[in-house]
Amino acid sequence: MMADQAMVRKLSACETMGSATVICTDKTGTLTLNQMTVTKCCVGFEETTKHDFSRNLVELFYQGVAFNTTGTIYKPKSGSSLEYSGSPTEKAILSWAVQDLGMDIDILKQNYTVLQVETFNSDKKRSGVSIKNNISEKNIIYVHWKGAAEMVLALCSSYYELTGEIKTMSDEKRSQFENIIQGMAASSLRCIAFAYKQIEDDNSISKKNLKNEEDLTLLGIVGMKDPCRPGARKAIQSCRAAGVDIKMITGDNIFTAKAIAAECGILESNNQAALPGEVIEGVEFRNYTDEERAEKVDIIRVMARSSPLDKLLMVRCLKQKGHVVAVTGDGTNDAPALKEADVGLSMGIQGTEVAKESSDIVILDDDFSSVATVLLWGRCVYNNIQKFIQFQLTVNVAALVINFIAAVSAGNVPLTTVQLLWVNLIMDTLGALALATERPSKELMHNPPVGRIEPLITNIMWRNILTQALYQISVLLVLQFKGRSMLGVDEKTKNTIIFNTFVMCQVFNEFNSRSLEKKNVFKGVLRNKLFVGIIAVTVVLQAVMVELLKKFADTVRLSFAEWGVCLAIAAVTWPIGWLVKFVPVGKKPVFSYLKLLRCGSKT
């Protein structure tokens with residue numbers, strides 16, 4: 001799985017992932033490339049370029065970008081291009097300010113002093129900074145805010161026009177700005193607004209200047225594009241075809257979330273239309289009662305403006321409804337949801353160490369396509385476990401019944417203790433290795449998820465086990481009671497033929513166990529060189545056991561004709577395995593009927 005960009009931290013998580021019914025995924029960096037670029041900037045009601053800004057407005061943008069950021073700009077001494085660090089959002093804004101607006105961060109740091117900083121808050125969806133000009137004699141503090149456009153807009157009472165003129169924010173103007181934000185968001189742009197206010201420098205209030213968030217002046221709104229990953233849509237379609245529901249949980253506004261969800265295939269992309277309840281905001285989901293949440297959680301496909309608490313609430317609600325939930329996360333705040341989920345998937349590039357420690361599997365390339373690959377591997381592991389259980393139960397049922405019937409009826413057993421130990425040794429170890437190393441196939445993604453309460457041994461497995469076991473029991477009991485007369489051999493040779501036939505039946509049945517339902521069990525067998533090698537080693541070891549270790553195994557040498565009889569009887573397991581797969585089986589688990597009988601007897 002490491003080659004497929006997945007590092008498994010807890011082995012059990014791989015099997016559990018195969019049973020997942022819901023995947024709750026982030027947007028940024030998982031469904032998208034996490035490569036932000038500023039593509040639009042609106043000041044007033046006009047889309048602008050770097051040549052349109054007034055000098056005063058440009059200076060205010062410089063302040064808001066240079067100081068209200070967690071990113072940095074590094075100037076190499078060699079004189080090569082600037083290097084930007086920080087989150088993709090911060091890098092995009094810094095790059096835009098430097099390249100389009102001509103910002104020089106070194107000069108700004110000389111001219112201004114930072115007084116107070118409020119880091120980005122996932123509830124407020126904004127960050128703030130207060131600064132003071134070192135050169136100006138005026139005692140003025142500039143307070144800058146940057147964050148989710150609609151939330152910053154709600155705090156503004158005025159706005160800048162391109163000319164540098166400040167206008168009052170009326171309800172009509174606010175509505176026009178909201179339409180601009182919605183239009184940008186519908187184009188799958190992340191909208192960030194810049195606003196500021198000036199405060200007279202007074203020692204009594206200087207320490208509280210960031211507490212006063214009212215009456216801001218809107219500087220402008222920028223729209224950043226984060227393209228969807230090329231394989232995200234195909235991976236989501238693959239998961240949905242496999243019966244796994246995909247839910248996108250993002251901090252972006254509802255229009256951006258809908259646009260990205262439509263682009264990725266989570267929503268119908270014709271017109272981004274969504275059924276009632278498919279797209280909601282985190283605050284709405286948070287305010288539901290437990291009953292409402294349980295009723296509506298299955299319908300939800302996109303949750304916008306969500307907090308880590310909303311993600312945790314969704315995971316708990318889905319688990320209470322019986323879903324097997326996988327969750328992706330990259331931040332420290334995602335740790336509770338990652339731990340609560342049945343499978344926590346952290347991001348290897350953008351993920352914090354706290355998120356990785358809280359997860360079960362680390363996605364090394366942060367790509368949702370790798371999440372779909374982990375789902376495929378999980379189903380493969382679960383399917384391989386079922387294959388081995390089917391194979392092992394067939395061996396054990398046949399051996400138990402044969403020895404039991406022979407012991408009760410004739411007083412002696414055809415399979416000795418050493419022979420049974422030998423069968424268990426080669427079938428438990430080599431058989432497990434052969435069946436457990438089958439690589440995943442695309443057909444696994446055509447089956448519905450197993451879920452939380454489905455039995456490990458299915459009705460299909462019981463059908464295959466009982467058919468093969470009945471055939472082996474019947475043939476070997478015939479050899480036990482009629483073998484001497486039918487084959488014209490002595491007692492010891494007869495017992496050796498029974499032992500050899502029993503082992504060869506398991507070798508041939510190992511091919512049948514490669515697929516629980518597919519009729520062509522030989523498809524792709526030559527590509528699995530380990531399987532072919534193990535079959536060859538098993539046959540060679542059995543030949544050594546029969547022909548050379550006669551005293552140890554209590555056997556005698558067999559002639560070519562007797563070997564032919566053993567192989568011919570064993571080969572019949574192939575057509576039986578092919579024919580029995582035409583027999584339909586019910587979906588209701590076998591043991592559920594036993595429960596009904598028990599309940600009926602009590603009444």
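Here are some worked exercises on the predicted model shown above.

Before you start: this is a predicted model, in which local features need pLDDT of at least 70 and side-chain atom pairs count only at pLDDT 80 or more, while totals for chains, interfaces and linings use all residues. Residues are numbered from 1 along each chain as its sequence is written, and side-chain values use heavy atoms, with hydrogens and water left out.

**Exercise 1. The whole chain**

Work out how many helices and strands the protein chain has, and whether the chain is spread out or compact.

Solution.
- Step 1: The protein chain holds 23 helices and 19 strands. Both are DSSP runs numbered from the N terminus, helices being H or I of at least four residues and strands E of at least two.
- Step 2: The radius of gyration is 34 Å, well over the 25 Å that the globule rule gives for 603 residues, so the protein chain is more spread out than a compact globule. The radius is taken over C-alpha atoms, and the rule is 2.2 Å times the number of residues to the power 0.38.
- Step 3: Along the principal axes, the C-alpha atoms fill a box of roughly 115 × 70 × 45 Å.

**Exercise 2. Burial, contacts and charge**

Find what share of the 603 residues is buried, then look at contacts and charges.

Solution.
- Step 1: Of the 603 residues, 51% count as buried. Buried means under 20% relative accessible area, exposed means over 50%, and partly exposed lies in between, with a 1.4 Å probe and protein chains only.
- Step 2: The accessible surface comes to about 28000 Å², and 57% of it belongs to carbon and sulfur atoms. Such areas come from the Shrake-Rupley method with a 1.4 Å probe; for residues, only the protein chains shown count as cover.
- Step 3: Take contacts (heavy atoms within 4.5 Å). Among those between residues at least 6 apart in sequence, 70% join residues at least 24 apart.
- Step 4: The mean positions of the 67 positive and 62 negative charges are 9 Å apart. Lys and Arg count as positive and Asp and Glu as negative, leaving out His and the chain ends; each charge is placed at NZ of Lys, CZ of Arg, CG of Asp or CD of Glu.

**Exercise 3. The nonpolar cores**

Identify which helix gives the most to the largest nonpolar core.

Solution.
- Step 1: A nonpolar core is a set of buried Ala, Val, Leu, Ile, Met, Phe, Trp, Tyr and Cys residues joined through side-chain atoms within 4.5 Å.
- Step 2: The largest one has 43 residues, and those with the most contacts inside it include Val-423, Phe-499 and Phe-531.
- Step 3: At least two residues of this core come from each of helix 15 (368-410), helix 16 (417-436), helix 17 (459-487), helix 18 (491-512), helix 19 (529-547) and helix 21 (560-571). Helix 18 gives the most, with ten residues.
- Step 4: Apart from this core lies another, of 39 residues, among them Val-302, Val-343, Val-371 and Cys-380.

**Exercise 4. Two positive phi angles**

Locate Asn-34 and Ser-188, and decide whether each is buried or exposed.

Solution.
- Step 1: Asn-34 sits in the loop between strand 2 (22-25) and strand 3 (37-43). Its phi is positive, about 60 degrees, although it is not a glycine.
- Step 2: Asn-34 counts as buried, at 13% relative accessibility.
- Step 3: Ser-188 is in the loop between helix 6 (171-186) and strand 12 (189-200). Phi of Ser-188 is also a positive value, near 60 degrees.
- Step 4: Ser-188 is buried too, at 5% relative accessibility.

**Exercise 5. Three buried sites**

Describe the surroundings of Asn-68, Gly-220 and Thr-573, setting aside residues up to four places away in sequence.

Solution.
- Step 1: Asn-68 belongs to the loop between helix 2 (55-67) and strand 5 (72-74). Asn-68 is buried, with a relative accessible area of 4%, and its contacts include Glu-90, His-144 and Trp-145.
- Step 2: Gly-220 is part of strand 13 (residues 216-225) and is buried at 1% relative accessibility. Among its contacts are Cys-42, Phe-61 and Phe-194. Pro-230 is ten residues from Gly-220 in sequence and 31 Å away in space, C-alpha to C-alpha.
- Step 3: Thr-573 lies in helix 22 (residues 573-580) and is buried, with a relative accessible area of 0%. Thr-573 touches residues including Gln-468, Tyr-471 and Phe-508.
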